[in-house]
Amino acid sequence: MTRTRDAALHPSGASCAPLRVAAEPGSAAKPLSFPELSVIVSVLLLIPAQLVLPHPQCLDFQPPFKPPWHLEFCTQYEQFGCCDQKTDNSIAERYWDIIDILGLPGYELCGDILKEIMCQECSPYAAHLYDAEDPYTPVRELPGLCFGFCSEFHAKCRHLVKYLTGNKVLQEASERDMTTFCSMVDLADQDYCYPNVLKNTGLNDNLGKVVEDRRGCLQLCLTEVANSLRNPVLMLHSHDDTHRMFIAEQVGFVWVYLRDGSRLEQPFLDMSGEVLTTPWLGDERGFLGMAFHPQYRDNGRFFIYYSILVNSQLEKIRISEMRVSSHDMNMADPYSERVILEIEEPAANHNGGQLLFGLDGYLYIFTGDGGKAGDPFGKYGNAQNKSALLGKVLRIDVNGSDLSGKPYRIPPDNPFLNDPGARPEVFAYGVRNMWRCSVDRGDPVSRYGRGRIFCGDVGQNRYEEIDIIVKGGNYGWRAKEGFECYDLKLCHNTSLNDTLPIFAYAHHVGKSVTGGYVYRGCESPNLNGLYIFGDFMNGRIMALEEDKMTGNWKERSVCMGDTKTCSFPGLINHHHKFIISFGEDEAGELYFLATSYPSSSSPFGTVFKFMDPSRRAPPEKCKQKPLPVKVRGKKVPFTPRELTVLAVNEKPTRPPPRKFKFTTKPPETSRSKPTSTTASVTTASSTLIPQRKPADKKALKKNKLNKLMKKKVLSKQAAVAQMKNTALKQKSNAQGKKPAVKKPNGKKAKAPPKKAPLEKANNQTVAAKLKKKAPKTLSKPKVKKNPKKKEKSFKERGTQSAWT
């Protein structure tokens, strides 16, 4: 039974059926007769289907979207669905091809129901209607139709089946038996067959919104981007329109990843001989930061932040400038290093490590408080000591040198420039160990939030916090940890004017924050404006959402989607526990870097990309045109290792849309024997397809559509009115014009006289009455007379959608 039904529903279902049902050993396949099939199907319909709630899904195995412009044909899905204008035009063209064959009677009888069936490709639940949620089976050619709707379709329009599918089993079933045919095209889950799927409020109320579980946790999915990395500490792009990604390992290697997912065999930068790090679990030293100059495309400058050991005993952090190689855009010049700043580190931990350029063009440097517990250095600790560079946010101008010989200048608006007890480089202070900061690129439309700097500051014993960096801000450490007091004596000092975090969480939630990004990408519109970050120790991913009216931020829990939510090829719903860093590509899409074993020598680091399974952007909106990348060495192709939800990355096979070729001119008749019989369409059966009279060329010249009707798909009333108008004119012309008859001497007889003025006036009166019945939005066609122009088919008269 399953084999027969699969063969009927899918164009090549017989070959794919064994993937769904394994036959018993030694069993012989015996085809069932239609009466037997009908009985079995009827019995199966009595079995209650198990309630399942799959997510919306399109035939390309991706989430639905909101089209950028309105749809001309399948207008019921222009707010949210699976069709853009290109797909909508394609469906309209196929539709009018069929209508051209059917003619006016067929259009009036079956035009509406045919459109409903064909437009299900645009439904947000198209994958369920066409069985595309199972990637092992080809997409069926007919959508799942509920039994009642199918019965109506079969009673009035069963002759359309051969135009909708080339499957012989379905065609034969439609001619023989309604029950068998409708059982074949029905769905086991009645919530998803058409038109029941439109009436289910539980399915349609939250279309396009981020899926939430019962606890309100946002369910997201992931794709694997890179793997086999040794503690990947950062991922960034170079702002040069090449859309390359640079991924740095803690040991000191920086690798180039191309748009196709491949990695260049030679590293962009190798600092492993200079970087201080060990294979100990949780060692915070190593290659920690990197930033490309805003004009990197022109000057090739970038900056790095790493740990060094001087004379085998003194530990420092070093910030240096380097340049790209002059002969290879994918390699740094190893001899171009110029040290910008070195800061002594009193302990092995709390090394900071973030470098970034703000929108002001200055370089921001984020240092830790020096290490150990409770910032024990000095009376108030390094973080509250503005004369120390540790526990600070520093800001410098790297586009020049000062008079004292320093390889940088101090921005003139730095907040403590005139404070004799402060270092002029200090931009903000009172931080413990900010781990991963980012610049908000702003809302894609309004630019709201553009330029804000977000940081995750790792806490001591109780709280982790998220801060927005402001000029001159004091972030409280060591007086405060999160919103609470840590050092009571310092905390009660009224001179402290602390900048409070926008969010803090206790250690029962997580123990080491990893700062993230505000999502401003294109592919997942629902995530726009969410600040997404994580926790290193427990692998938890979190999000913050801003209330723009009050400026407050509230937490939105993020979790991996369940099996049904992430049932798309290539998607996964799990990741490694230790979240080291977050990254953003040149298009604004968001990634994070994690490992299953946090050692600098452990090759288990993986890069994951976020994906919202409930809604995506229109297919053409997010396409990028990267500049070409000249590759001199070898490329290592990407081989995914993580197990996907579907355990398959292949998309279901889909047969190409059926094309109809037909002749718009009537067949030629013998000159010696005039005839008035109508020409039948050659591609259709005379018993099923209404015949139409051949159109007179002179009459067709008067009925050309204007440009407006080429830009809008005619409604049913307009199409019918137009067809009736044409038919009446053709009939009147045929009555007023007699066919030419050969004379006995072989010469043609004279043409019949022109119409009388009264008859012509009567025809114009009929045309005017039909025009009044047409929609008011359609003006009278203004057509230039062109006798050489070919006549248009009914499809061209009835729709423009396929040609705009």
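A residue is called buried when its relative accessible area is under 20%, exposed when that area is over 50%, and partly exposed in between. The exercises below apply this to a predicted model.

**Exercise 1.** Determine whether Asp283 and Arg285 are buried or exposed, and state how they interact.

*Solution.* Begin with the contact: Asp283 and Arg285 form a salt bridge in which the closest N and O atoms are 3.2 Å apart. Then turn to accessibility, where both Asp283 and Arg285 prove to be buried.

**Exercise 2.** Classify the ring pair Trp96 and Tyr107 by its geometry.

*Solution.* The search of the whole structure gives 28 aromatic pairs. For Trp96 and Tyr107, the ring centres are 5.8 Å apart and the planes stand at 25°, so the pair is stacked, given that stacking calls for planes under 30 degrees apart. As a last step, the accessibility of the two residues places both Trp96 and Tyr107 in the buried class.

**Exercise 3.** Classify the pair Phe454 and Trp553, and locate its two members in the chain.

*Solution.* The centres of these rings, Phe454 and Trp553, lie 5.6 Å apart with their planes at 80°, so the pair is edge-to-face. Phe454 belongs to strand 16 (residues 453-457) and Trp553 to strand 24 (residues 553-560), so that the pair links distant parts of the chain, 99 residues apart. Phe454 and Trp553 are buried, and they belong to one aromatic cluster together with Phe503, Tyr505, Tyr531 and Phe533.

**Exercise 4.** Work out which parts of the chain are tied together by the salt bridge of Arg230 and Glu249, and compare the accessibility of the two residues.

*Solution.* The structure holds 32 salt bridges, and one of them joins the side chains of Arg230 and Glu249 at 2.9 Å, N to O. Because Arg230 lies in the loop between strand 1 (218-229) and strand 2 (232-236), while Glu249 lies in strand 3 (residues 245-249), the pair ties together parts that are 19 residues apart in sequence. Arg230, at 26% relative accessibility, counts as partly exposed, whereas Glu249, at 2%, counts as buried.

**Exercise 5.** Repeat the analysis for Lys609 and Glu523.

*Solution.* The side chains of Lys609 and Glu523 meet in a salt bridge of 3.1 Å, N to O. Lys609 is in strand 27 (residues 605-611) and Glu523 in the loop between strand 21 (513-518) and strand 22 (531-535), so this pair ties together parts 86 residues apart in sequence. Lys609 counts as buried at 15% relative accessibility, whereas Glu523, with a relative accessible area of 33%, is partly exposed.

Notes
Residues numbered from 1 in each chain as written. Predicted model: local features only at pLDDT ≥ 70, side-chain atom pairs only at ≥ 80, totals over all residues. Heavy atoms only, no water. Phe/Tyr/Trp six-rings, centres within 6.5 Å; stacked < 30°, edge-to-face > 60°. Buried < 20%, exposed > 50% of the residue type's maximum accessible area, 1.4 Å probe, protein only. Helix = DSSP H or I, 4+ residues; strand = E, 2+ residues; numbered from the N terminus. Salt bridge = Lys/Arg side-chain N within 4 Å of Asp/Glu carboxyl O.
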